[in-house]
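Please look over the sequence and the three-dimensional structure below before reading on. The paragraphs that follow lead from single residues to the domains and the ligand.

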Amino acid sequence: MADALFDRLGIADHPRIIAGYDGGTEVRDGAVGSVNPATGKTIAGVRLDTADSYEKTIARSGEAFIRWRAIPAPKRGDVVREIGNELRAHRDDLGRLVAMEVGKILAEGIGEVQETVDIADFAVGLSRQLHGITMPSERPMHAMREQWLPLGPIGVITAFNFPNAVWGWNAMLGAVAGDAIVWKPSLLAPLTAIATNEIANRVAERLGHPGVFELVIGTDDEVGERMIADRRLPLISATGSCRMGRHVGQAVAGRLGRTLLELGGNNATIVEPDADLDLALKGVVFGAVGTCGQRCTSTRRLIIHESVADAFCEKLVKAYETVRIGDPVAEGTLVGPLINEASAQAFDQAVAAAKEQGGEILTGGGRAETGLGGAFVTPTVVRAPGSNDLPVAREETFAPILYVFTYRELDDAIALNNAVDQGLSSAIFAGSVRSAERFLDPSGAGSDCGLAYVNLGTSGAEIGGAFGGEKDTGGGRESGSDAWKAYMRRQTCTTNFGEKFDLAQGIRFE
Ligand code: UN1
């Protein structure tokens, strides 16, 4: 099946791919296996970059940047439009590859590629709207304006869980901004990266722009460290764990480069007593169970009013028990495997810690038997003790575990929402405008997260808004709104079109 898929995606004879490879995900002789997490079987091998090939790629990207930035932005938009169309044509195949390689269900794999198509469309429009502003000068016959210029070749480091869309957010905006893109994908999802980059590159090359989309695949030591230290990459956009982001942030800051960090989340949903509880149930289940709890936006904590907690938990458990766990590409499956055994062990440990800390397992808590060979777990709900003291819930475990807390006053619920190190996504289900608006309080006293939803779950952002979070989530913003500014440099331009030499601030120097 993989052969036909590779064929349709145009990567059947790709020089990086080793068909019939028998190794696993450990690096061996300069190659790594891409393993299907549902079956534990290797799909294909992938050749890794070396110091030497890394050097060549960065040099190529630097040259491509010089040519690319000279192309007017709307013409760059034309290229991105074609890339978006090509991705659209391959959406279902690429979505299937995502599902095969990282174990998300087919609908979510396809949805992820749709997200890239959407951001490509957005970027095309943006290519005519990279607006600067003008401002009045304090001096006569002077003009001031701001303009946005291409930044350079930029480094994009992505995680396994969104192996296509997170590149899309960065690459489509970066490309219309005039940057060349150097992508380092997760070693757990190299095939999706090869296929995605190949599609972009094929189009760009056909239209006369080779080198705008480059790929470097390798270990953190061999490739990652080189990238973050590389002064030729003025921006490193990185998605992954808080630990990784702290390291990347420090390394890039050490050379006074820029970072755009999209790191861990520990996202909560508050449920008010007057909420539409059916709606809340849907939002919580999709948020907590979708993508097997492996989104940075996954719902990890439910903060529910004590008056509705018991009844809601009962419904939640019922819903969890009907969720079909199994082959991610089979019709009707809602939960696939975790990415690997290490991830399942982190799940086991979190469940054990939760029990030890007085949490009550309402459902799940163990491995799921599917007979498929991958690391499948049962989506889990843990009710915190009445004191709400459950330290394990402060950590982000990339697995489907939902911790349930109760509250009496909304202020306490908001305080609980904010009482974690991460600040990515947050949600409230509420019937009253008062509660909803307190959650969004423009004074800053509400949710402290980068994303705040009302009557929606914590995951599933549209591309039109800026995406990212505060605190240990890293502060970066990607995707929509004005996130494009991260990929450009700002220049403040002042022109004297008169004949006098006037100094600002009224300074006389004669
Ligand atoms: C991620 O998990 O890194 O909002 C990104 C969402 C998706 C993106 C998630 N649109 O859940």
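Is serine 137 buried or exposed? In this predicted model, serine 137 has a relative accessible area of 18%, and because buried means under 20%, serine 137 counts as buried. Its place is the loop that runs between strand S4 (134–135) and strand S5 (142–150). A polar atom of the serine 137 side chain lies 3.0 Å from the backbone nitrogen of arginine 139, and, once neighbours within four places in sequence are left aside, serine 137 is in contact with His142 and Met144.

Another loop residue, glycine 40, is found between strand S2 (31–35) and strand S3 (42–47). Glycine 40 has a relative accessibility of 45% and therefore counts as partly exposed. Along the chain, glycine 40 and aspartate 348 are 308 residues apart, while their C-alpha atoms are separated by 19 Å. A second pair can be set beside this one: isoleucine 303 and histidine 209 are 94 residues apart in sequence, with a C-alpha to C-alpha separation of 51 Å.

Isoleucine 303 itself belongs to strand S12 (residues 299–305), and with a relative accessible area of 0% this isoleucine is buried. What does isoleucine 303 touch, not counting residues up to four places away in sequence? The residues touched by isoleucine 303 are Ala268, Thr269, Ile270, Val271, Phe405, Tyr407, Ala413, Leu416 and Asn417.

On the scale of the whole protein, the domain assignment gives domain 1 (2–260 + 474–491) and domain 2 (267–463). The contact between the two takes 25 residues from domain 1 and 25 residues from domain 2, and the C-alpha centres of domain 1 and domain 2 lie 30 Å apart.

Where, in relation to these domains, does the ligand lie? Domain 1 and domain 2 both give residues to the shell around the ligand, so the ligand lies between them. That shell consists of Glu115, Asn161, Phe162, Trp169, Glu262, Arg295, Cys296, Thr297, Ser459, Gly460, Ala461 and Phe467, which divide into 5 nonpolar, 4 polar and 3 charged residues.

Several of these shell residues place polar atoms close to polar atoms of the ligand, and the distances can be followed one by one in the model. A polar side-chain atom of glutamate 115 lies 3.0 Å from a nitrogen atom of the ligand, whereas an N or O atom in the side chain of arginine 295 is 2.8 Å from an oxygen atom of the ligand. For alanine 461, a backbone N or O atom lies 2.7 Å from an oxygen atom of the ligand. Taken alone, the ligand exposes 320 Å², of which the protein buries 99%.

Asparagine 161, one of the residues around the ligand, is found in the loop between strand S6 (153–157) and helix H6 (165–177). With a relative accessible area of 7%, asparagine 161 is buried. A polar atom of the asparagine 161 side chain lies 2.9 Å from the backbone oxygen of glutamine 294. When residues up to four places away in sequence are not counted, asparagine 161 touches Lys104, Glu112, Gln294, Arg295, Cys296 and Phe398. Among these contacts of asparagine 161 are Arg295 and Cys296, and both of these residues also appear in the shell around the ligand.

Conventions
Residues are numbered from 1 along each chain as its sequence is written. This is a predicted model: local features need pLDDT of at least 70, side-chain atom pairs count only at pLDDT 80 or more; totals for chains, interfaces and linings use all residues. Side-chain values use heavy atoms; hydrogens and water are left out. Helices (H or I, at least four residues) and strands (E, at least two) are DSSP runs, numbered from the N terminus. Buried means under 20% relative accessible area, exposed over 50%, partly exposed in between (1.4 Å probe, protein chains only). A polar contact is a pair of N or O atoms within 3.5 Å; within protein, one must be able to donate a hydrogen and the other to accept it, and residues adjacent in sequence count only if both atoms are side-chain atoms. Contact means heavy atoms within 4.5 Å. A residue is near a molecule or strand if one of its heavy atoms lies within 4 Å of it. Accessible areas come from the Shrake-Rupley method with a 1.4 Å probe; for residues, only the protein chains shown count as cover. Ala, Val, Leu, Ile, Met, Phe, Trp, Tyr, Cys and Pro count as nonpolar, Asp, Glu, Lys and Arg as charged, and the others, Gly among them, as polar. Domain bounds come from an automatic or database domain assignment.
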